[in-house]
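Welcome! Take a moment to look over the sequence and the 3D view, and then let us walk through them together.

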Amino acid sequence: MPDTGTPVARSPIATAPPEIVRAGWAVSGARSGAVLTLTDCTPLTKVAVKAVDEQVLATVLDVPFGRAARQDWGLDDGAQVLVVGSGPGERLVLAAPGRQTHVVDRLAQLTGDALVSVVDLTHGRALVRLAGGGSARLLAHECAVDLGEAMCPDGTALRTAVAGLATDFVRDDRAGMLSYLLHCERSSGQYLFDSLRDAGVELGAEVDGFVPPGI
Amino acid sequence: MILLPCPWCGPRGADEFGYVGESRVRPDPGSTTPAEWRAYLYHRRNTAGWTRETWYHRMGCRRYLTLERHTVSNQVRSPAGDVEDTR
Amino acid sequence: MRRTPTSPVRRPGRPTGTVPAMTMRLNPQAGEAIDRDDTFTFDWNGRSYPAYGGDTIASALTACGERIFSRSFKYHRPRGLLTASHLDPGCIVQVDDEPNVRGGHRHARAGSRVRSQDTWPSLRFDVKAANGLVGRFLPAGFYYKTFIHPQPLWPAYERVLQRFAHGGVLSAHTPAEAERPRYDKRFAHPDVLVAGGGPAGMAAAVAAARAGAQVLLVEEEHALGGHLRWGGSADLTALADLRDQVAVTPGIEVLTDSVVLGRYEGNWLSVLERGRPDVHERLVKARAKSLVVAAGLIERPYVFAGNDVPGVLLSTAARRLVNLYAVKPGHRAVVFTANAAGDAAAADLERVGVEVVHVEDARHGGDLVRVLGRRGVRAVEVAGGATYSCDLVVTAVGWTAPASLLTMAGDVPTYDARAARFRPDTARLPDDVLATGVVVGDGDLEHLLAHADATGREAARRAAVVAWAWRTALPHRAAEAPPGTEAATRSEAATGTSAATGTGAATGAEQAPDADPVDVPDLPVDAHPELFRAGTHGIVDFSEDVTSQDLLTAVDEGYRGVELVKRYTTATMGPTQGKLEIVNTVAIVAQALGQSIQETGTTTWRPPYAPVTLGALAGRSREPVRHSPMQLWHERHGAVPLVAGAWIRPEHYGDPAGEARTVRQRVGIIDVTPIGKLDLRGPDVAKLLELVYVNRWSKLDVGRVRYGVMCADDGVVLDDGVTARLGDDHYLMSTTSSGAAAVWEWVESWLQTEHPDWRVLVTPVTTAYASINVAGPRSRELLSRLVEGVDLGPDDFGYMHVRTARVAGVDGCVLWRIGFTGELSYEVHVPAGYGLHVWEALLDTGADLGVRPFGVEAQRVLRLEKGHSIVGQDTDGLTRAFSAGLDGLVKLDKDDFVGRPELTWQHEHGDGYRLVGLRPLDGSVVPAEGSQLVEDGQRICGRVTSSRRSPTLGYSICLAQVAAHLASPGCRVSVRLPDGHTVAAVVTEHLAHVDPEGVRLRA
Amino acid sequence: MAEQRNGWRPSAYSAWSLLRHGLTGDAWPPAWRQHEPKRAYDVVVIGGGVHGLAAAYYLAHHHGITDVAVLDKGYIGGGGSGRNTAILRSNYLTPEGVRFYDRSLALYRNLAAELNFNVMFSKRGHLTLAHTDASLRTMRWRAEVNKLEGVDSEVIGPEEVQRLVPYLDVTAHARYPVLGALYHPPGGIIRHDAVVWGYARAADRLGVHIHQGTEVTGIDVTGGRVTGVRTNRGPIATSIVLNCTAGWSSTVSDLAGVAMPVHTFPLQAAVTEPVKPFLHTVVVSGSLHVYVSQTDRGELVFGASVDPFASYSTRGSLEFVEGLAGHVLELMPSLAKLRLLRQWAGLCDMTPDFAPIMGPTEVDGFWLDVGWGTYGFKAGPVSGAAMAECIATEQVPELIAPFALSRFAEGRLVGEKGAAAVGH
């Protein structure tokens, strides 16, 4: 077997220099102190679970469609997972990089013999975190849904068009600071990222690097 | 842009949806004559008024929905009576 | 102050010297909008003019005594100011590279080059003014009546007509991305949007905001205030107070120099935001829960002889010039007034030292007859024959309600003869639209502000009702901090989610909103004389040069009705969009038809409310594109890009033929990531496959792959691809690259709408994998060096089998042994993040085997040699399965599959073309794809769908759609080439030209 | 002879008459007259657009059938005829389509002289841009079919495209490169209202009655035969009714009990402020769903594909003008500062195969000239002539045989849809 080197996973979004390797992924080592930042979080583990019956998931995962919540799934590093009610009969579990196996097993455990489909989409999706007070203003350039407190409070999960692209969208404030997770089908990741960065020019948005566990 | 009341996601702009067309029942292919089959394929009620139709929430929940829309005013309402649960 | 009508004519002063002096500039005025500390010059028709900050192009030039700014469309009559606002048809100019700029609104800018449009050789001496002399021979629609014979000469006439096209000039220069003006868009979700920032608009906005609504207040002028801005001291005091309230009330976002362009279904409002420092123009798309229209009133011109001579001004124009820009509109004025605005104009003129030589009062039967003068007013004749010499005529004959935002949904305003204007019927407005201010009725400022205040509160209440309905329609929105609570409000403050980007906490409150409507007081409606046209004929549409005589002629000629007259004379179809002309037009048509104005009705308003640049409507170009994980590698290695739907793919790397030969002789790899992939799970997947594919699926064993074709219910071929069975209830379906999204929706539609009982779960995984096809006689040898856990030997891993393996150290790769190219080949599906790693590993490891990448073009050649058809190229929108060479595949004996009835019919009637292989007898000729097959030299009997020169065979080969009677092997057909020659070709025995038996791919 | 029968002579239009009227100040006679509807007509045409008026004109002019009423619920030319973008071309995909539209173009070329009304046909040349190899393939297909039918069409390269339209940006975009175009020199534009008025005036001169504001509320059918129509202005007896409506063709056919394979969609259009002429060719981009031409007045007229969902609303949408502007600027970035003045919509009756429905129905005396989708105006003259021939001779001319209503039940659709569905 020829030595082809240890495989390093790459995000579809070009890494802002300097490029470093973390948790088996090539990521950006850039650090920004800007009040509005854009981070490529593609390395996060992303596992989709579907069921014929919405109720099954709402019950066993304890997160309804339309909401997202953090849960402790006993991962060794103590990091929580984010369970996203991404669609009717459809959930997405986000965890620190490289936790696929753990998450998939846990899901098998939780769902028991109910008919579910668990698919690891870690490599199938691009994931971006937008953080800072101006996030809503920035998104309002590209996204038609009402981001106001009444219609889109913290913990909201929805799917809509962002820059004309079907995008999964979670409001996930961090430490009282407004923040959104946006993820789309992988091949358009660079497009989504560029659109957000372009829309953020007037607001002084900057690119920040990825730091594991990143969830 | 008209707002469509998605039973799953709430009101969303029509540009998030794909228009399928008048809700129709597919006849049993086994027992229909070609003429009947083609009436199903090609004929439309094309009502100028309230009509029941199917939309697909392409950018949202990815569910096929049945809605009622007034084709002159483009007002939209959730369908009267029972609609098959597309869950 | 009245003068005898015999006093000598005084001419307006002309500027002298190189930089003209501001001879008409007045001393500082109380409400002036100019900054006298900011002085600069700009260029007007090649000459430098001074201006103050805040000056419009029109006010700056008028201050220097200029009175002519354009020539009229048809007769090229000299034109000056009329409204001195954004509506002014007399001052539409070219500013640098921007055509048709409204000089009455656009601020003069230091150093900008401003030119008059469509004037030659100059604005002052315009040769086309000759038209004026023959005007009597150019009645409305004259061009319909002439240039008919001799017909061959019409193109020459047409070129002459085109010279009269009345507008500015666009530069042919295509600006580079960087130098293009930056246009922007954003969405907004105000609870209440107020259109119009006059007193009523400001009061309504304040009231709505105090009731807890998020408000967007939009004003078309450069500042809030409406008519108060050019009013007297009382008005200015009220204005200051209202501006303060707007400033201190939280929840109001003010957009000035901005305009609401249109109201579409669901209160979807487009707002053009101008005068931004950061972007050139911005389109705000607002989903307002309530719209309050406070658009004010537009002053109507009067139709009489010479009403377009420079120096004839509307009363509002005179007051704007005097009070906002401290400009003296003339020296000797005659004022024709029917209302308070006219009286106030007369007073203003007197105050600033304009001699008001006569006030003609319409309320006491006064009227105008004609203005004398051509390049400027010399005198005016009034009713009774008295003539007054003057250089300024001011008219105040009434108002037009700009009701278009109220009527864009189709409902028409009603004509109120007493008020002499169309008025919106507020009772008939939809729930989400309200109106206030003078657009609704009259009354003094207190009346208007009271009405606006109540309307604003009612708008906020209705918005809360809508917000409540929308919120409760959302799925599972039990927020940690229920909106309306302290926490939420604090969170807004902290996060800024609600600064007019979104619904306010108050309107989104948990508790149901107040159901009792606010009681809105009625506004009085003042009587106003009906004044549209004097006894003489004059200009009705200033930008189209349409006279009242033209309108009467049109009616006489049978164009009975305002819509027909409008189309025949083009009245109201010019840049002012009828805002100034429509009511006069209707009134004159009504008169001609002997009908009332109400019977005659008005024309349908069409958005946009104000002309808007294509740049603003377009915003930034947002076209989603898709890339494979190997895209950067392709670019670095000289791949020529191919746009395939949203995907950017390598067409080739410089040598498609060579790439194809490599695959036939050694081994090549191609990036096929765009191939659609659906993960299908559940006990009923087999049922689904039987339904959507025309062929049979029941007996597909685990570990096997099968090719399938999908048709629509009309039998037309939709898509094709292979599907693998990975486990008992687990399949992986592949689709064409372009069909991926459509097939997913197709499958979902059958599951959701026809068979909700079937237990199947579909997950699209197209780009979860990077897909690499390794093809060629040495592909097995290459792959075996990198694959762990699977024996690639022909016995262990046969043709049309599937395996999961570790490739180049990457786990979870799916390997399909299939052969689109007709060679021994493996399709490797790699977890996408590792795509580049595996791609590079294959190239490094296979260097000694002569491996090289190949692109889409080489693949097209290879699949054509193999006779594999492409859906959408070798088939079209009407090609049914039996016309696509699928006879062997279609299983009509299945109970049901999509398309069965039509395919059964096609099978019985042998209807339609057939797909065949075709070989030109002269192998050096490659008929272009799309070349037609002809019988008897003329009749079309088919077409070439694919054609290439085969690098493997050394001669040209084709696929073709051919009429059934010519489709049997050996048939000779003639192919008409694009150059007109015809070549003979023969139908081959198989679709495949290379290895029809499939020995190579089964190797 | 029609004139003698009516004892009324209109003054012919010409430079001389223009001069005479200019000097004498005489009023022009009405282009067409007002009448009270008669109790009965030989033929009743429903729809006062270019199709209906042309049919009436040719019935009178070619076949001497002058006892004809044209009914319109609004004003003449107020529907599709006044809302289309006035583009003429014959570079279709199928031989039957090409032949048909080429005949129409020929009639249009001589229409001004025939009707003594300047319809201002402007031969501009018509460019359909190809942004993908697939659309280039379709262009070639169309060009070859056109040439075989004797119609002037050719596939040209980017340089030639640039020469014809200097404002076009043919630099290699990543997104929508201009790989070439189908060039159709005979194509052009015309003054659409003038065509309507010209036919109305000529038909009126031959004795046809034009009734505006006259809405058909019912169609009487006895024993499978048409016996009359009911209108808001009273009943009219007739044995022949021709449905020439657009947008309402299935509604009107319903009145006669004829089911239709028609689905009605709005088609939007828009016009800009005038600028000095710079675009001397009709430019179309299929992939970008936009077509554009510049009128003699200097305005740019834009059209696109039909709305994404069926509707009878002619209100127009913001999405349309946004998409339109974006796509126009993709092609011609230097137009960014040009202002859009007005947008509107018309109604298109779409058929499953994107081809019209012309000819008889199962109801005797009830004829169809409908289903014109987005291509009806181009076909006005030839459809009028063909329908007049149908009615006068009770024979369906070869030219329109492929467009019979029966083709749907027989599963023999016309192939125009081929191109539409190819190469997306």
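## A helix wrapped up inside

A residue counts as buried when its relative accessible area is under 20%. Keep in mind as you read that this is a predicted model.

With that cut-off in hand, how many residues of helix 13 of chain C are buried? Eight of the eight residues in this helix (residues 562-569) are, so helix 13 is largely enclosed by the rest of the structure. Charged names appear on the buried list as well as nonpolar ones: it includes C:E563, C:K566 and C:R567, along with C:V562, C:L564 and C:V565.

What covers the buried residues of helix 13 of chain C? From chain C itself, the cover includes helix 3 (142-145), strand 29 (546-547), helix 12 (548-556), helix 14 (582-593) and helix 15 (597-600). Chain D takes part too, through its helix 9 (192-205). Just after helix 13 of chain C comes C:T570, with a positive phi near 65 degrees.

## Where chains C and D meet

Five pairs of chains touch, and the pair with the most contacts is C and D. Here 111 residues of chain C are in contact with 101 residues of chain D. Together the two chains bury about 9,000 Å², with 56% of that area on carbon and sulfur atoms. Three residues, C:Y144, C:L170 and C:L614, supply 9% of the area that chain C buries against chain D, more than any other three.

Eleven salt bridges are counted between chain C and chain D. In one of them, the side chains of D:R339 and C:E98 meet at 2.5 Å, N to O. Polar contacts link 43 residue pairs across this interface. Sorted by class, the side of chain C that touches chain D has 50 nonpolar, 31 polar and 30 charged residues. Chains A and D, on the other hand, are joined by no contact, and their closest C-alpha atoms lie 12 Å apart.

## Where chains C and B meet

Now turn to chain B. The contact takes 26 residues from chain C and 25 residues from chain B, and the two chains bury about 2,300 Å² between them. Of the area that chain C buries here, C:E265, C:E745 and C:Q752 supply 26%, more than any other three residues.

C:E745 also forms a salt bridge with B:R58 (2.5 Å, N to O), and the count between chain C and chain B is four salt bridges. Eleven residue pairs are in polar contact across this interface. Which element gives the largest share of the side of chain C that touches chain B? Helix 20 of chain C does, with nine residues. By class, this side of chain C has 13 nonpolar, three polar and ten charged residues.

Leading up to helix 20 (740-754) of chain C is a loop that starts after strand 37 (730-735), and C:T736 is found in this loop. C:T736 counts as buried because its relative accessibility is 18%. Apart from neighbours within four places in sequence, C:T736 is in contact with C:G676, C:D719 and C:D720.

## The nonpolar cores

In soluble globular proteins, nonpolar side chains tend to be buried together. The largest nonpolar core here has 231 residues, and C:F42, D:F100, D:W197, D:Y199 and D:L335 touch the most other members. Helix 3 (residues 50-63) of chain D gives the most to this core, with nine residues.

Beyond its neighbours within four places in sequence, D:Y199 is in contact with residues including D:V50, D:L53, D:A54 and D:P381. A second, separate core has 67 residues, among them A:L181, C:W633, C:A805 and C:V828.

Notes:
Residues numbered from 1 in each chain as written. Chains lettered and ligands numbered in written order. Predicted model: local features only at pLDDT ≥ 70, side-chain atom pairs only at ≥ 80, totals over all residues. Heavy atoms only, no water. Helix = DSSP H or I, 4+ residues; strand = E, 2+ residues; numbered from the N terminus. Buried < 20%, exposed > 50% of the residue type's maximum accessible area, 1.4 Å probe, protein only. Contact = heavy atoms within 4.5 Å. Buried area = accessible area lost by both parts, 1.4 Å probe. Polar contact = N/O pair within 3.5 Å; in protein donor to acceptor, adjacent residues only side chain to side chain. Nonpolar A, V, L, I, M, F, W, Y, C, P; charged D, E, K, R; others polar. Core = buried A, V, L, I, M, F, W, Y, C linked by side-chain atoms within 4.5 Å.
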